[in-house]
Amino acid sequence: MSRPLVVIPTYDERENLADTVARVHACVPDASVLVVDDASPDGTGELADGLAASDPRVQVLHRSAKNGLGGAYLEAFDWALERGFDPIVQLDADGSHLPEQLPRLLDRLDERADAAPADLVIGSRWVEGGSIENWPRHRELLSKWGSAYARVVLRLDTRDATAGYRAFRASALRRIRLEDVHTRGYGFQVDMLWHAREAGLVIAEVPVTFVERTRGRSKMSPVIVLEAILRVTVWGLRSRFGRRRRDAAEARGDGSAPRRSHA
Ligand SMILES: Nc1nc2c(ncn2[C@@H]2O[C@H](COP(=O)(O)OP(=O)(O)OP(=O)(O)O)[C@@H](O)[C@H]2O)c(=O)[nH]1
Ligand SMILES: [Mg+2]
């Protein structure tokens, strides 16, 4: 794990991007940065090209239209794995994920005496020591309820299931069936977590401070929230239904148990 890559998806983040990239490099100078821009109307893509032209550690993936956070990350993961980056980090451009806390996530991927090395580290708002700054109450509740719902329905142990600040070992991403991850919006984070758990990865959470953006506009929308709720519900039902069918088949001893389904 010697070639860290920080992936920053962007849509209309002109006011935030340069600052975020500079802060990443101030904290982890040897990190490469991949900006994945979805043809932002405000010119974020051109700004990213300018950053790349003046710093070889920065590269840019241009996509032709706004196609969701999930699509941007999946394309970035393929790009990163093909080029041998390890580990691979997800970071929002809007300042909500503090680059200053990046070493905390990376350190937890390392071997340590008191715990198994993690395959996936999540920067968590809802574990001891984690916090939020300047978030409106309704956003806090939505996030907490969303996490709680996903935890119960999918039987996850992770406290902050919707967190977007994450570090993956490259080997972990290779073990996840990325072709089965179809969520494009907010639920992408839960989708990845669910597949990570299904793949048997060691998942750890470290506390982070999540800071509400001060510049630019949120891309969160009711459609994105609805997509997440519906998908989580379907995965939960499928996993339970599938398990019951498998148990029944095993009890009959007919060996016809279906494979665990991936939504
Ligand atoms: N490439 C790409 N990036 C996106 C897209 N939607 C959001 N982003 C980026 O993903 C990151 C998170 O998006 P935000 O709008 O901050 O959404 P959020 O953090 O879930 O919601 P807030 O808490 O309200 O900010 C930011 O860096 C966005 O610019 C998209 O469709 N394509
Ligand atoms: Mg945000």
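The following exchange concerns a predicted model and the surroundings of its ligand 1.

Visitor: Which residues come nearest to ligand 1?

Guide: The model is predicted. Around ligand 1 there are 20 residues. Those that come nearest are E13, D94, R139, S218 and K219.

Visitor: How far from a nitrogen atom of ligand 1 is an N or O atom in the side chain of D38?

Guide: Polar contacts are pairs of N or O atoms within 3.5 Å. E13 places a polar side-chain atom 2.6 Å from an oxygen atom of ligand 1, and a polar backbone atom of V36 is 3.0 Å from a nitrogen atom of the ligand. For the side chain of D38, the distance to a ligand nitrogen atom is 2.8 Å.

Visitor: What percentage of the accessible area of ligand 1 does the protein cover?

Guide: On its own, ligand 1 has 630 Å² of accessible area. The part of this area covered by the protein is 94%.

Visitor: Which element gives the most residues to the shell around ligand 1?

Guide: Ligand 1 sits in the largest pocket. Two elements, β1 (5–10) and α3 (68–82), give two or more residues to its shell. The most, 3 residues, come from α3.

Visitor: How many residues of the shell around ligand 1 are charged?

Guide: The shell can be divided by class. It has 8 nonpolar and 4 polar residues. The number of charged residues is 8.

Visitor: Is the aromatic pair of Y73 and F77 stacked or edge-to-face?

Guide: The whole structure holds 5 aromatic pairs, one of them formed by Y73 and F77. Both residues lie in helix α3, 4 residues apart, about one turn of the helix. Their rings are 5.8 Å apart, centre to centre, with 20° between the planes. Because planes under 30 degrees apart count as stacked, the pair is stacked.

Visitor: Is the peptide bond from D86 to P87 cis or trans?

Guide: P87 has its place in the loop between α3 and β4 (88–90). Omega of the bond from D86 to P87 is near 0°. The peptide bond is therefore described as cis.

Visitor: What is the phi value of A39?

Guide: A39 belongs to the loop between β2 (32–37) and α2 (44–54). Its phi is positive, in a residue other than glycine. The value is near 50°.

Notes. Residues are numbered from 1 along each chain as its sequence is written. Chains are lettered from A and ligands numbered from 1 in the order in which they are written. This is a predicted model: local features need pLDDT of at least 70, side-chain atom pairs count only at pLDDT 80 or more; totals for chains, interfaces and linings use all residues. Side-chain values use heavy atoms; hydrogens and water are left out. A residue is near a molecule or strand if one of its heavy atoms lies within 4 Å of it. A polar contact is a pair of N or O atoms within 3.5 Å; within protein, one must be able to donate a hydrogen and the other to accept it, and residues adjacent in sequence count only if both atoms are side-chain atoms. Accessible areas come from the Shrake-Rupley method with a 1.4 Å probe; for residues, only the protein chains shown count as cover. On a 1 Å grid over the protein atoms alone, a cavity is a set of points where a 1.4 Å probe fits but cannot get out, and a pocket is an open set with protein on both sides within 12 Å along at least five of seven lines; lining residues have an atom within 4 Å of a point. A molecule sits in a cavity or pocket if more than half of its atoms lie within 2 Å of its grid points. Ala, Val, Leu, Ile, Met, Phe, Trp, Tyr, Cys and Pro count as nonpolar, Asp, Glu, Lys and Arg as charged, and the others, Gly among them, as polar. Rings of Phe, Tyr and Trp (its six-membered ring) pair if their centres lie within 6.5 Å; planes under 30 degrees apart count as stacked, over 60 as edge-to-face and the rest as tilted.
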